[in-house]
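Reader: Hello! I would love a close look at one part of this model, taken slowly.

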Amino acid sequence: MSFSREAILHLAHLARLSVENTGDDDSIQDDLNRIVTMVGQISAANTEGIEPMAHPLDTIQRLRLDIITETNEREILLALAPKTAAGLFLVPTVIE
Amino acid sequence: MHTKTIAELLKILDKGECSSEELTKIYLARIQKLDKTLNSFITITEEFALSAARIADEKRRKEDKAPLLGVPIAHKDIFCTQGIKTSCGSKMLDNFISPYDATIVTKLKEAGTILLGKTNMDEFAMGSSNETSFYGPVHNPWDPALVAGGSSGGSAAAVAANLTPAATGTDTGGSIRQPAALCGLTGLKPTYGRVSRYGMIAFASSLDQAGPLAKTAEDCALLLQAMAGVDIKDSTSIDNPVPNYNTMLNNSLEGLKIGLPKEFFGEGLHPEVEMAVQNALKTLEKMGAKVFDIELPNTKLAIPTYYVIAPAECSSNLSRYDGVRFGYRCDNPQNLEDLYKRSRGEGFGPEVKRRILIGTYVLSAGYFDAYYVQAQKVRKLITTDFINAFSKVDVILGPTTPSPAFNIGEKTKDPVSMYLCDIYTISVNLAGLPALSMPGGFVQQCPIGIQLIGNYFEEGKLLNIAHQFQQLTDWHQKTPLTFKE
C-alpha cells in the first residue's frame, strides 16, 4: 500500500483538514506511507474466530438518573466562540 | 524544602514548620528562576496558587482534615481548569479558557492541593518526546540536550527539577510511564476506568487514563487515593471500591510471583537497561519474590495495533475542533468548508494531522475491516496474552523504555522510529491494565525506569512493590545537580 498525492488530498478532504500551504505537506506523503506500512503488519496475525475488542473492560454502560443537572450556560459558552452575533455562533453563509 | 516528598511536606505542614503559603512561594520562585531552561510549564497560576494556599493555611488552623491540605502540585495542560487556560499543547486551544474543572482537578482541589500551574505536553498528548508541543520541547533536567519524554514531559521535568512536588499526567500509550522513566520518577497509569476522564481532553477514548507522577510510590499512592473512583460524569469510570492504598504499601513481598516476559528482552533493548532490570529483580528476590519466565507472544503486534486504534479514535474525537464554537478559527473563511479545513489545518501541528489522516484512512469504506476491525481482534489477542500470564504470576516486570532519554531532534524526522519508543508500554493500554514505572538505575548518567504491570485494579499491589523496592534502593532520591539547590 502506498499513498499517492491525490489519495492524501482525498483523505484530507474527508477529515476537513487542509494540508496544503501549512508548511508540512512536503513530508506528509512519506510519513503516511511509512506508518501504513508499519501498521500493515497486523494483517499477518491469525484472528480467525476472534471477537473484535472495542473496549478494555466488559461492563454495561451505566445510565444516570433522568433529572436535570446542567444549567443554561449560554453566555459563558458563547464567550468562548471566535465569532458570535445575537447570541448565536457565526459561520460563513451556508445557503445563498 | 523543595527536595521533599509529599509525605514529608505533609508532616512539615502539620507541625507548623512551614505554611502552605511559604511553601507555594518557594516553588513559584523556583519555577520563575529555573523553568527557562526546561520549558516545563505552559501557564503559571501564581495568583490562584497564593490565594488557595492562604485558604489552606486558614483551614489547617481550623483543623481541617483534607488529606493533601496545602500541598502544591501541577496539572498537565490536558485537564480542564476553570478560568485557567487549557491548551492541550496546541495552537488550536491556545486561547481556550476552560469554563469548568475536570473531575480529577475538582477531586485534588477538594483533597487540599494547591495548583502551581499547567505543564507542557505533546500536542493533544500525541508524542513520546514532548517535541510536538505548540509551546516548544521540554528539556530533560538531567541533561537539557535530551528529551524529557512524552507526552507528559512537562509534568515529569517539573517534578524531577523540584519545581513541584508532584504532577498529574495522562497515559494513552505510555505517556506517564515513559517520561517518568526518562526523568527518574515514579509514575502510575491506573486501570482503565479507575480514574474519571471527565474534563480530560480526549485523544483515544478507549485507551486514555489519568495518573500521578511523583518522586516516590508513597506519593503516588497519596495522589491516586484522591484521584480514583467512579464519576457520574464519566460513564466509563468503574464503580469498584477504592482501597486504602497507603495501608497496602508495607505488605510483605514474601512469595510474590513476578513474571518476566521474554518478548521484553529482545532486540533493541539497551544492554545496560537490561542489566538494571536484572539488578531490580535481585533486590525484589531478596525480599522474598520469586521470578518466573512468561510469554506475551503478541507483543510485537502492539505498536501496529495501537497505531490503527489510537488514530481512529483520535480522528473521531478531534472532529469537534471546527473553528465555530471554541478554539482557533482561520482568518477570512471563504465558505463553511474553507472555515473547517483551514481552521484545522492551521490550528493542528504535523503529528496531530498525521494521526487524523491515518485514523480517517483506517475507518474509511473499503479499509475498515482490514485495518480497524483486524486491529480490534489483535487487541483481543494481546489482552488474552496478559490474562493468561496473570493466571500464573501476580505481576509482570520489565524495562519501561528500551533506552535512556535520546537527543532533542533525534527522532523527529521519522515518526515510526518515535513510535517504537513505546514498545513496552503500549500493550498495557490496549489491555486496559494498570502499570507503574519506578527509577531503576542510570545509563550514561541518565535515569531509566523499571515497569511493573498488574492485573486489573491491582494498583495497590504495584504501589506496594515499588514502595518496598524504594526502601532498599535510592535511585528515586537522586536529583539532577543543576536543580538540587
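Which residues have the most contacts inside the largest nonpolar core?

Author: Happy to help! This is a predicted model, where local features need pLDDT of at least 70, side-chain atom pairs count only at pLDDT 80 or more, and totals for chains, interfaces and linings use all residues. Residues are numbered from 1 along each chain as its sequence is written, while chains are lettered from A and ligands numbered from 1 in the order in which they are written.

The residues you ask about are Val308(B), Val395(B) and Leu452(B), in a core of 164 residues. Such a core is a set of buried Ala, Val, Leu, Ile, Met, Phe, Trp, Tyr and Cys residues joined through C-beta atoms within 7 Å; buried means that 20 or more other C-beta atoms lie within 10 Å of a residue's own, with C-beta atoms placed from the backbone. Helix α10 (residues 302-317) of chain B gives the largest share of this core, nine residues; helices here are DSSP runs (H or I, at least four residues), numbered from the N terminus.

Now look at the partner of α10(B). Its axis and that of helix α13 (residues 368-389) of chain B come within 9 Å and cross at roughly 125 degrees, which makes α10(B) oblique to α13(B) (not under 35, over 145 or 65 to 115 degrees). Axes are lines fitted to C-alpha atoms over the stretch in contact, with angles from 0 to 180 degrees between N-to-C directions. Val308(B) and Ala312(B) are among the α10(B) residues that make this contact, and Tyr372(B) and Val378(B) are among those of α13(B); contact means C-beta atoms within 7 Å.

Val395(B), in turn, touches residues including Leu256(B), Leu452(B) and Ile465(B).

Note on methods:
Buried ≥ 20, exposed ≤ 12 C-beta atoms within 10 Å, placed from the backbone. Helix = DSSP H or I, 4+ residues; strand = E, 2+ residues; numbered from the N terminus. Contact = placed C-beta atoms within 7 Å. Lists of a residue's contacts leave out its neighbours within four places in sequence.
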